[in-house]
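Biologist: I have a model open on my screen and would like some help reading it. Could we go through it feature by feature?

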Amino acid sequence: MRPNIYLFGDSITEESFSNGGWGATLAHHFSRAVDVVLRGYSGYNTRWALMVLEKVFPPETDCGSGRAPLAVTVFFGANDACLPDRCSAFQHVPLDEYQQNLRSIVSFLKKRWPKTLVVLITPPPIDEDERLQYPFVENTLGLPERTNEAAGAYAKACVAVAGEFEIPVVNLWTKMQDYPKWQKSILRDGLHLSKGGNRIVFDEVIKTLRAKDMSLETLPFDLPLIMDIDPSDPLKAFQN
């Protein structure tokens, strides 16, 4: 039975199985070795994620075989970082609570699967001008519901939690701002990712997994590859 990699997060994870999305690309990359399982929930923050952990990851998520997932990506913070006095205030989670919620999520996963790799991903940077064009609810103030400064503070907190647990972290907030004209090349609406942004997440996740010996070179394929099948005796490859 193939091992799994779970993707747990908000809309940036939920959308990752769209055309060109980082999750879909990851699933294609590992198509003969690993099942990539999407658990993305648009609009969710860490407070809500913590409340549904048992539903998202019930005991049978080990496929009933006792096999733990290879890895779980945890990608929250973009909604937590909504400002408390703006139109999406209902999604806001204070910074210290966000950090504690991340600790609780990581602790839950590590307790359930001690050998599973947990990878934290920080919220991306925010293009505030572009966010004004995409309010989720009525924006009577005419101000962006998120700021890049706030997203940076939550990204820093996420990195700190990863350090506490000595687990990998993908710092998108910093990484993405290294790209020229990132506001338009990396983001499609000031928050969610363009195809270029999705490619960055995929590349960073693959790099993180490879550093932990999770790559196509190290993971076994579950059935014979076509190049391993002898044309003169094709059934022989399936006898073992």
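Modeller: We'll take the sheet, then a buried strand, then the helices.

Modeller: A few ground rules come before that. This is a predicted model, where local features need pLDDT of at least 70 and side-chain atom pairs count only at pLDDT 80 or more, while totals for chains, interfaces and linings use all residues. Residues are numbered from 1 along each chain as its sequence is written, and side-chain values use heavy atoms, with hydrogens and water left out.

Biologist: What is the order of the strands in the sheet?

Modeller: In general, strands of a sheet pair through backbone hydrogen bonds, either parallel or antiparallel. Here the sheet is open, has 5 strands in the order β2-β1-β3-β4-β5, and its pairing is parallel. Strands β2 and β5 (169-170) stand at the edges with a single partner strand each, so one side of each lacks a neighbour in the sheet. Strands (E, at least two residues) and helices (H or I, at least four) are DSSP runs, numbered from the N terminus, and two strands pair if DSSP finds at least two bridges between them.

Biologist: How many bridges join β1 to β2 and to β3?

Modeller: β1 pairs with β2 (residues 35-40) over 6 bridges, and with β3 (residues 71-75) over 5 bridges. On your screen, look for Leu7 opposite Leu38 in β2 and Phe8 opposite Val74 in β3. Further along, 4 bridges join β3 to β4 (residues 117-121), with Ala71 partnered by Leu117.

Biologist: Are the faces of β1 buried or exposed?

Modeller: In a regular strand the side chains alternate between the two faces of the sheet. Both faces of β1 are covered, with Asn4, Tyr6 and Phe8 buried on one side and Ile5, Leu7 and Gly9 buried on the other. Buried means under 20% relative accessible area, with a 1.4 Å probe and protein chains only. Since 6 of the 6 residues of β1 (residues 4-9) are buried, the strand is largely enclosed by the rest of the structure.

Biologist: Which strands does helix α10 lie across?

Modeller: Helix α10 (residues 195-211) lies across β1, β3, β4 and β5, at about 150° to β4. Axes are lines fitted to C-alpha atoms, for helices over the stretch in contact, and angles run from 0 to 180 degrees between N-to-C directions.

Biologist: At what angle do α5 and α7 cross?

Modeller: The axes of α5 (residues 95-112) and α7 (residues 148-165) come within 10 Å and cross at roughly 35°. Residues in contact (heavy atoms within 4.5 Å) include Leu95 and Tyr98 in α5, and Ala153 and Tyr154 in α7.

Technical notes. Buried < 20%, exposed > 50% of the residue type's maximum accessible area, 1.4 Å probe, protein only.
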